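Student: I would like to take a close look at a single part of this protein, and I would be glad if you could walk me through it slowly.

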Amino acid sequence: MKVLQICNYFYPNTGGIEQVARDIVNSLRTANVEQKIICFNENASDGEYTCHREETIHDIIDGVEIIRCGCVTKFSSQSLSFVFGRELSNLMESFKPDVVIFHYPNPFEAHYLLRYLDRDFKFILYWHLDIVKQKVLKKFFHAQTNILLRRADRIIATSPLYIQSSRYLSKYVEKCTVIPNCVSESRMLITEEIRERAKKIRAWNTGKIICFGVGRHIEYKGFRYLIEASRFLDDRFRIYIAGNGKLTSKLHKLAAADEKITFLGRVSNEDLLAYYLAMDIFCFPSITKNEAFGIVLAEAMYCGKPAVTFTIPGSGVNYVCVNGETGLEVENRNVRMYAEAMRKLADNPHLRNKLGLAAKSRVEKNFLTSQFTENILGLVESL
């Protein structure tokens, strides 16, 4: 069987969709499947792999060929490439996939994929999120989206809540399959070095309540609301925010007078795990359905820590973290209530421990690599 994935980017670029694409690669490696991936190129490096946005290259990661198409610019967060159409055409003619997995939303790549939808392959539409913020783009690509949905043999959604609330998926419920994103146990392996790092973080914050948040610094991640909530907290709290993005400088300015907040920038996986271990509370302040699941939320829960989230109608966030069972959920964008939830957890170590244990159990039962692999293999083989 030959499987082609089409996605925005791939490792060493990091993000929720990129991680899912790599999880699919590793899931299918356990079966008799030949794989290829085509994506855009983007500046990124992990020390071993280095990518440059303008270059078109073919490389091998996890034993799979990755075709990275050089890009000239971005428009509304969408990369634009002069070579993608040619590279996809070459793939469709030479590789002749039996199954195509297309990661949505990705309107530029979808424009070229439409040319091949009448071919004899099974089509899996991996629906990561609705286009919410870019209202002009959403209207412009409405027809394209409907074509993809009609052609799809199966549609993957990351939570049942997203199927119910999406104006698109709710019309194709019979095609939809829920496959939650997963936490990679191998990536979450806690070494003695990581434990020592966590101990140092605790030592730097003796007597304090350590709060941690991580993600791209973009609007829907909601870090401005975490910063605003900090104004209602006393000096017991220490808030660490990891990641970067186009809003980083604005967030720094917003938090300039707040000594409780520290920005960490982009952190290594080892440091990420150390902060997961050291923290008392995980802060996940995303505010819109663009946050369809929350892999870092599940990772923090896997480390046995409670989270504070906003209520996001239709998002999988409140499916991953259950209010009152694995964390606390408050009214969207209500920073006073967010701070109140943080204080409630700070004041009650027994509650933190209870929710943290339940959070770890929920991830172990529902969101680990083993469940994801079983789900992906079952779907592909059924087609």
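In what order do the eight strands of the open sheet stand, and is their pairing mixed?Tutor: This is a predicted model, and the part you ask about is an open sheet whose eight strands follow the order β5-β6-β2-β1-β9-β10-β11-β12, with mixed pairing. In general, the strands of a sheet pair through backbone hydrogen bonds, and they do so either parallel or antiparallel. At the edges of this sheet stand β5 and β12, the latter covering residues 176-178, and each of them pairs on one side only. From one strand to the next, the twist averages 20°.

Let us look first at the β12 edge, where strand β11, residues 154-157, runs parallel to β12 and is joined to it by three bridges. Within this pair, Ala157 has Val178 of β12 as its bridge partner.

Two helices pack on the sheet, and it helps to take them in turn. Helix α1 touches β1, β2, β5, β6, β9 and β10, and its direction makes about 160° with that of β9. Helix α2, made of residues 84-94, touches β1, β2, β5 and β6, and its direction makes about 170° with that of β2.

The loops beside these strands deserve some patience as well, and a general point prepares us for them: most residues other than glycine have a negative phi, and most peptide bonds are trans. In the loop between β1 (2-6) and α1 we find Pro12, and the peptide bond that leads from Tyr11 to Pro12 is cis, with omega near 15°. A cis peptide bond also joins Tyr104 and Pro105, here with omega of about 10°, and Pro105 has its place in the loop between β9 (99-104) and α3 (107-113). If we then move to the β5 edge, the loop between β5 (57-61) and β6 (64-69) holds Asp62. Asp62 is not a glycine, yet its phi is positive, near 55°. Because its relative accessible area is 19%, and the cut-off for buried is under 20%, Asp62 counts as buried.

Helix α1 also leads us to a small piece of empty space, one that can be found in general by rolling a probe the size of a water molecule over the atoms. The second largest cavity of the structure encloses about 30 Å³, and its lining is made by Gln19, Asp23, Cys182, Val183, Ser184, Arg187, Ile295 and Glu299. Two elements, α1 (16-28) and α11 (295-302), each give two or more residues to this lining. Sorted by class, the lining has three nonpolar, two polar and three charged residues.

Finally, it is useful to set another sheet beside the one you asked about. Six strands form an open sheet in the order β15-β14-β13-β16-β17-β18, and there the pairing is parallel. Its edge strands are β15 (261-265) and β18 (327-330), each with a single partner strand, so one side of each is left without a neighbour in the sheet. Here the twist averages 25° from one strand to the next. Inside this sheet, six bridges join β13, residues 209-214, to β14, residues 237-242, and Ile210 stands opposite Arg238 in β14.

Note on methods: Residues numbered from 1 in each chain as written. Predicted model: local features only at pLDDT ≥ 70, side-chain atom pairs only at ≥ 80, totals over all residues. Heavy atoms only, no water. 1 Å grid on protein atoms, 1.4 Å probe; cavity = no way out; pocket = protein on both sides within 12 Å on 5 of 7 lines; lining within 4 Å. Points joined across faces, edges and corners; volume = space filled by probe spheres on them. Helix = DSSP H or I, 4+ residues; strand = E, 2+ residues; numbered from the N terminus. Nonpolar A, V, L, I, M, F, W, Y, C, P; charged D, E, K, R; others polar. Pairing = 2+ DSSP bridges. Axes fitted to C-alpha atoms, helices over the stretch in contact; angles between N-to-C directions. Buried < 20%, exposed > 50% of the residue type's maximum accessible area, 1.4 Å probe, protein only. Contact = heavy atoms within 4.5 Å.
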